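Grab a viewer and work through the exercises below. Try each task on your own before you read its solution.

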Amino acid sequence: MPDAAGRLDLHVDAPNGLVPASFILLGALGDATPQDVFRLLSGSKATIRWTPGG
Amino acid sequence: MRAICLVTLLLVAARAVADIGTAKMTGDECRSTWGTIATLIGPQDTGKKIGDGPFVADDGACEMRDLGVDKAGARRLRWRAEGAQAVTQGQMPVAAEFDLLDIYLGDGPAKAGGGGWFKVAKTRVDGGASFRWDAASQTMEIGQFYLTTGAGNRIALRADVAGLREGDLETLGPRLLTAKVTALDISLDSTDLAAFVAALPKRNPPDAKATTAHPPPDPVTSAQTLLAAALPDLPPGVVDAESAAAL
């Protein structure tokens, strides 16, 4: 975790669509694995960028 | 419930792409749309006044001042809507934007301190959102859902939503949850990212619950109960068979 000022950007392209209720349900089950999250994100492309400064 | 409605209103507000930033609202539009908003967020059974206004601000936005519901509120609520008549009827407008200025939660305003996220606020917290909705294609562009603090922190979300079924404002929250987000942008500007993340609300550790005389309901159990009750009403395909059986 960067301990500095800056900007964190997350961009997700999901042509198949991400259903918010599915993620809430996954969180509510309490025992979700990374594989469960990746299954919901299947077909999507995520980009994370950190820009120092501020 | 009122807090959920307030958050729903925030989630549907749209600033950047709604492109209604200069639309002039009339006094009648402000009064009629406020009637719908008050129904969604206000104490419906007591008739208690929850703010001063509405007024038409100099820039043409509608404005309520000293807004308060239970222990949450804001110094000002500003809004505009394209298709205000629809709002008056409790239906979705073509586009809308909301801004809540100087938000407070709990017994005191954000600038007076408080815990959690407000630890990094230091001065004040503003929030807002905006959207543009196309009924024909059932798509919504959430222009910006944001929270800013006077300490230089800002979190903003932008999203494209498809498959948003037509319906009234009151059911917008559930319809958004079961629609499809096809593009999502989240940005976080922070003067100290580590402090910002550390201030986010966390679950109570198990040992903390054990020492509490009246422990709060477990959020996971509460959510499971809520979702299990809602399961029959969710559209097919939202929950797979394995998850439904687990619930």
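## Exercise 1: odd backbone angles in chain B

At 8% relative accessibility, B:D102 counts as buried. This is a predicted model, so keep in mind that every value here is computed from predicted coordinates.

**Task.** Find which element holds B:D102, and work out what its phi looks like.

**Solution.** Start with the location: B:D102 belongs to strand β4 (residues 95–105) of chain B. Next, check the burial: the cut-off for buried is under 20% relative accessible area, and B:D102 comes in at 8%. Then read the backbone: phi of B:D102 is near 60 degrees, which is positive although the residue isn't glycine. That's worth a flag, because most residues other than glycine have a negative phi.

**Task.** Now do B:Q138: is it buried or partly exposed?

**Solution.** Go to the loop between β5 (125–134) and β6 of chain B, where B:Q138 is found. Its phi is near 55 degrees, again a positive value in a residue other than glycine. For the accessibility, B:Q138 has 32%, and the range between 20% and 50% is called partly exposed. So B:Q138 counts as partly exposed.

**Task.** Which peptide bond is cis, with omega near 10 degrees?

**Solution.** Look at the step from B:G53 to B:P54: that peptide bond is the cis one. B:P54 sits in strand β1 of chain B. Most peptide bonds are trans.

## Exercise 2: a hairpin and a buried arginine

**Task.** Describe how strand β1 (residues 52–56) of chain B and strand β2 (residues 62–69) of chain B pair.

**Solution.** First, the sense: the two strands are antiparallel, with 3 bridges. Second, pick a bridge: B:F55 has B:E63 in β2(B) as its partner. Third, look at the turn: 5 residues lie between the strands of this hairpin, and B:G60 has a positive phi near 95 degrees.

**Task.** What does the side chain of B:R80 reach with a polar atom?

**Solution.** Place the residue first: B:R80 is in strand β3 (residues 72–82) of chain B. With a relative accessible area of 3%, B:R80 is buried. Now look for a partner: a polar atom of its side chain lies 3.2 Å from the backbone oxygen of B:D59. As a cross-check on the C-alpha atoms, B:R80 and B:A61 are 5.5 Å apart, though 19 residues separate them along the chain.

## Exercise 3: side-chain polar contacts

**Task.** Which side chain makes a polar contact with that of B:N153?

**Solution.** B:N153 is in the loop between β6 (139–149) and β7 (154–162) of chain B. Its relative accessibility is 4%, so B:N153 counts as buried. The partner is the side chain of B:S190, at 2.8 Å.

**Task.** Repeat this for B:Q144: which side chain does it contact?

**Solution.** B:Q144 lies in strand β6 of chain B. A relative accessible area of 15% makes B:Q144 buried. Its side chain has a polar contact with the side chain of B:R154, at 2.5 Å.

## Exercise 4: strands across the two chains

**Task.** How many bridges join β1(A) to strand β8 (residues 180–190) of chain B?

**Solution.** There are 9 bridges, and the two strands run antiparallel. One pair to look up is A:L10 with B:I186 in β8(B). Now go to β7(B): it pairs with β8(B) in the antiparallel sense, over 9 bridges. Here B:A156 stands opposite B:S187.

## Exercise 5: chain A and its helix

**Task.** In what order do the elements of chain A run?

**Solution.** Count first: chain A has 2 helices and 2 strands. From the N terminus on, the order is β-α-α-β. For confidence, strand β1 (residues 6–18) of chain A has the highest mean pLDDT among these elements, 89, and helix α2 (residues 34–40) of chain A the lowest, 80.

**Task.** Which residues of helix α1 (residues 20–29) of chain A are buried?

**Solution.** The buried set is A:A21, A:S22, A:L25, A:L26 and A:A28. They span an arc of only 165 degrees around the axis, so they're on the same side of α1(A). Just after the helix, A:G30 has a positive phi of about 80 degrees.

Conventions: Residues are numbered from 1 along each chain as its sequence is written. Chains are lettered from A and ligands numbered from 1 in the order in which they are written. This is a predicted model: local features need pLDDT of at least 70, side-chain atom pairs count only at pLDDT 80 or more; totals for chains, interfaces and linings use all residues. Side-chain values use heavy atoms; hydrogens and water are left out. pLDDT is the predictor's confidence in each residue, from 0 to 100. Helices (H or I, at least four residues) and strands (E, at least two) are DSSP runs, numbered from the N terminus. Two strands pair if DSSP finds at least two bridges between them. Buried means under 20% relative accessible area, exposed over 50%, partly exposed in between (1.4 Å probe, protein chains only). The arc is that of the directions from the helix axis to the C-beta atoms. A polar contact is a pair of N or O atoms within 3.5 Å; within protein, one must be able to donate a hydrogen and the other to accept it, and residues adjacent in sequence count only if both atoms are side-chain atoms.
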